[in-house]
Amino acid sequence: MPVPWSSVGPSHRIPKVTERAITIKQLRDIRTFVQRLTKTHLLNHTSQHSKENGTFGQPLTWKNINSYDIVNEVVKKVIPWADPDGERDPEGSKRKWYSWVEFVSKKPQPAMIMFSHWWGGRFSDFMAAVDKLAVDRSLSINTAIWVCTFANCQFGEDFGAMLKECPFIRVLQTVELTVLVVDFQAGSLSRSWCGLEVKYTTEQEMEFVLYTSAGRVGSSYVSGGPLVEAIKGWDIRQSEASDPPYRRQILNYVAGVNELEGLKKDAAGKMEADEKGRPQLQDGSEELRDPLAVRRLHGELEYAYESELFRRCSRKFEDLNMAVRLSVMSKIGLNRKPKGCNVPNKAFRGVTLSQLRLITKKLEATCPWTPSATPWWPDHDSLSSVDSLPFEQLNLYHVAGWAKYMTSEAECSLMELLADSPQVPQYLALYWQGQPLVDIMGAIEIFAEANRLPDSIVFSVELFSRRFNYECQHQGSELDRCNERIDECTGAVVILEEKGTLASRLWPAYEIAQCMQSGKSLFLATKDGVMACNQPLASGAWTCGTF
């Protein structure tokens with residue numbers, strides 16, 4: 001199996017962590033290497049964490065492997081295996097072994113770009129963001145990007161006593177561009193170290209962009225959806241770090257107070273580190289908690305020190321939060337009010353992903369529905385004894401009543417209210433109308449994410465293309481309109497639910513059969529995952545998420 005390192009000569013030690021950036025070519029080399037390892041089932045979970053969560057011994061797959069896995073199962077195993085004599089630096093530094101960049105490079109590689117990311121995000125998504133950035137900025141394959149996973153020595157790196165001595169800040173002082181990679185789970189938005197990097201970047205007025213696996217936030221590919229909403233709601237006070245003392249030190253830095261407040265210090269006021277060189281909480285395991293404070297991300301009680309810090313320095317935290325939100329909003333821009341249109345042909349009444357999100361937001365804003373306050377309250381026996389209908393329980397039968405009410409005056413489809421011109425659908429969305437709207441949208445979102453589709457992608461959603469006043473319908477049989485709709489699409493996504501009701505519905509069965517006979521791509525999706533049936537997803541995988 002080809003390997004992404006040279007077998008000629010020893011690895012090159014690079015003392016300056018700022019010169020341990022990894023080139024785009026080297027990143028693509030390790031991607032290919034990891035793909036081959038996972039394809040041949042040579043990578044399994046062996047870490048202590050995997051023993052604790054019950055995954056020990058299970059194989060790692062390309063679609064799910066993350067940076068934690070790559071460090072534990074590749075970096076920390078390959079380097080000692082390939083260079084058994086390299087444990088000690090011949091020049092006498094205390095550092096054990098070395099970083100991946102030092103392993104694959106024969107010379108220093110000064111950083112040009114800083115990537116901030118969460119190790120728990122899928123590595124395939126991380127690499128998709130790298131590829132998108134390279135295309136957007138016409139970057140050479142030799143462009144050096146600083147990525148902590150590969151730049152820091154994973155056998156032990158000196159982070160220094162103060163944050164400005166840590167590798168992250170030292171690198172930020174040398175680059176002109178910071179890229180925050182927002183993973184599928186938005187995990188990077190919950191990491192304190194990422195928050196530190198964002199804080200320093202905005203403080204120094206450096207160029208700052210956000211990327212997802214679909215592309216740059218603010219581009220036509222990423223201008224809305226759950227990830228963008230998560231970015232807009234970012235709050236560094238809700239961030240976490242693997243080591244609570246580091247979280248406290250970072251929050252102190254953001255608040256503009258002495259970094260070492262609330263941490264153990266010696267008589268001279270310097271940090272008193274543990275045996276691994278890390279800071280320690282001032283009162284250790286006896287740290288007080290605040291039961292009245294907002295709970296932390298994982299449900300734990302907040303420390304009393306942090307709770308008081310948030311109250312005392314609330315303006316500092318809010319300023320940083322607002323700076324990030326404004327950055328996102330300025331890149332996305334303001335939504336323009338649609339003019340509306342007249343589209344006689346139902347086959348051309350597709351709705352974009354952005355419009356689907358808008359419809360969902362509008363519906364959520366009307367909830368909960370009540371019989372007395374909701375003009376479109378469904379007249380159905382199943383709701384005769386119901387006093388309130390929350391958003392989570394809305395299905396498409398309910399939504400149909402709302403859509404009919406909203407379009408009654410204009411006597412058009414909902415699509416014609418939201419669009420400026422005909423929209424030819426690329427994908428046919430097949431569903432059972434009894435499914436909850438949140439589940440249908442969850443399935444569409446994960447399908448779009450798995451195929452890296454832009455927000456402008458157009459779906460054929462029959463309900464939103466329907467003119468409820470029969471007299472205004474496009475002439476011709478429903479079967480003809482269905483066939484025309486299928487002809488225009490490149491593929492179909494079948495949205496499944498637990499009861500399997502969709503399988504008993506005649507129209508979806510007919511549409512699936514027509515798609516298969518005409519060679520359309522077919523995908524099965526739930527709110528948790530998607531599976532490709534006859535052609536792979538954009539990443540080359542056949543599944544994404546939990547299916």
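Helices and strands are here runs of residues assigned by DSSP, with at least four residues for a helix and at least two for a strand, and they are numbered from the N terminus. With that in hand, the place of proline 368 can be stated: this residue is found in the loop between helix H13 (353–366) and H14. The model being described is a predicted one, and that should be kept in mind throughout. The peptide bond that leads from cysteine 367 to proline 368 is cis, with omega near 0°.

Two other loops can be visited for their backbone angles. Glutamate 205 sits in the loop between H8 and strand S5 (207–212), and its phi is near 55°, a positive value in a residue other than glycine. With a relative accessible area of 72%, glutamate 205 counts as exposed, because the word is used for values over 50%. Glutamate 411, in the loop between H14 and helix H15 (414–418), also has a positive phi, of about 50°, although it is not a glycine. Glutamate 411 has a relative accessible area of 40% and is therefore described as partly exposed.

Helix H14, which spans residues 396–407, contains tyrosine 405. Tyrosine 405 is partly exposed, its relative accessible area being 41%, and together with Met406 and Leu417 it makes a nonpolar surface patch of about 260 Å².

From the surface we can turn to a residue in the interior. Isoleucine 440 lies in helix H16, which covers residues 437–450, and with a relative accessible area of 5% it is buried. If residues up to four places away in sequence are left aside, isoleucine 440 touches Leu396, Tyr431, Trp432, Gln435 and Ile495. Methionine 322, by contrast, is not among these listed contacts; its C-alpha atom and that of isoleucine 440 are separated by 32 Å, and the two residues are 118 residues apart along the chain. Another buried residue, serine 47, has a relative accessible area of 17% and is found in the loop between helix H1 (24–39) and helix H2 (48–53). Serine 47 touches Phe56, Asn72 and Glu73, again without counting residues up to four places away in sequence.

The next topic is charge. Side chains of opposite charge can pair when their charged atoms come close. The structure holds 31 salt bridges, and three of them are worth following one after another. In one of them, the side chains of arginine 122 and glutamate 449 meet, with 3.0 Å from N to O. This pair links distant parts of the chain, since arginine 122 is in the loop between strand S2 (113–116) and helix H5 (123–136), while glutamate 449 is in helix H16, 327 residues apart. Both arginine 122 and glutamate 449 are buried.

A second salt bridge joins lysine 199 and glutamate 203, whose closest N and O atoms are 3.4 Å apart. Here both partners lie in helix H8 (residues 192–203), and they are 4 residues apart, which is about one turn of the helix. How buried or exposed is each partner of this pair? Lysine 199 is buried, with a relative accessible area of 14%, whereas glutamate 203 is partly exposed, with a value of 40%.

In the third salt bridge, glutamate 300 and arginine 296 meet through their side chains at 3.7 Å, N to O. Salt bridges that share partners join Glu240, Arg247, Arg296, Glu300 and Glu302 into one network. Within that network, arginine 296 is buried, with a relative accessible area of 7%, while glutamate 300 is partly exposed, with one of 39%.

Finally, we can look for empty space inside the protein. Rolling a probe the size of a water molecule over the atoms shows where empty space is left. The structure holds 4 cavities of 30 Å³ or more, and the largest cavity contains about 120 Å³ of space. This largest cavity is lined by 15 residues, and those nearest its centre are Arg122, Ser124, Asp125, Ser539 and Cys544. Arg122 is thus met a second time, because it is both a lining residue of this cavity and a partner of glutamate 449 in a salt bridge, as defined by a side-chain nitrogen of Lys or Arg within 4 Å of a carboxyl oxygen of Asp or Glu. H5, H16 and strand S15 (543–545) each supply at least two residues of the lining, and the largest share, 3 residues, comes from S15.

Note on methods. Residues numbered from 1 in each chain as written. Predicted model: local features only at pLDDT ≥ 70, side-chain atom pairs only at ≥ 80, totals over all residues. Heavy atoms only, no water. Buried < 20%, exposed > 50% of the residue type's maximum accessible area, 1.4 Å probe, protein only. Contact = heavy atoms within 4.5 Å. Patch = residues over 30% accessible without salt bridge, like charges linked within 9 Å, V, L, I, M, F, W, Y side chains within 5 Å. Areas by Shrake-Rupley, 256 points an atom, 1.4 Å probe, with all protein chains shown as cover. 1 Å grid on protein atoms, 1.4 Å probe; cavity = no way out; pocket = protein on both sides within 12 Å on 5 of 7 lines; lining within 4 Å. Points joined across faces, edges and corners; volume = space filled by probe spheres on them.
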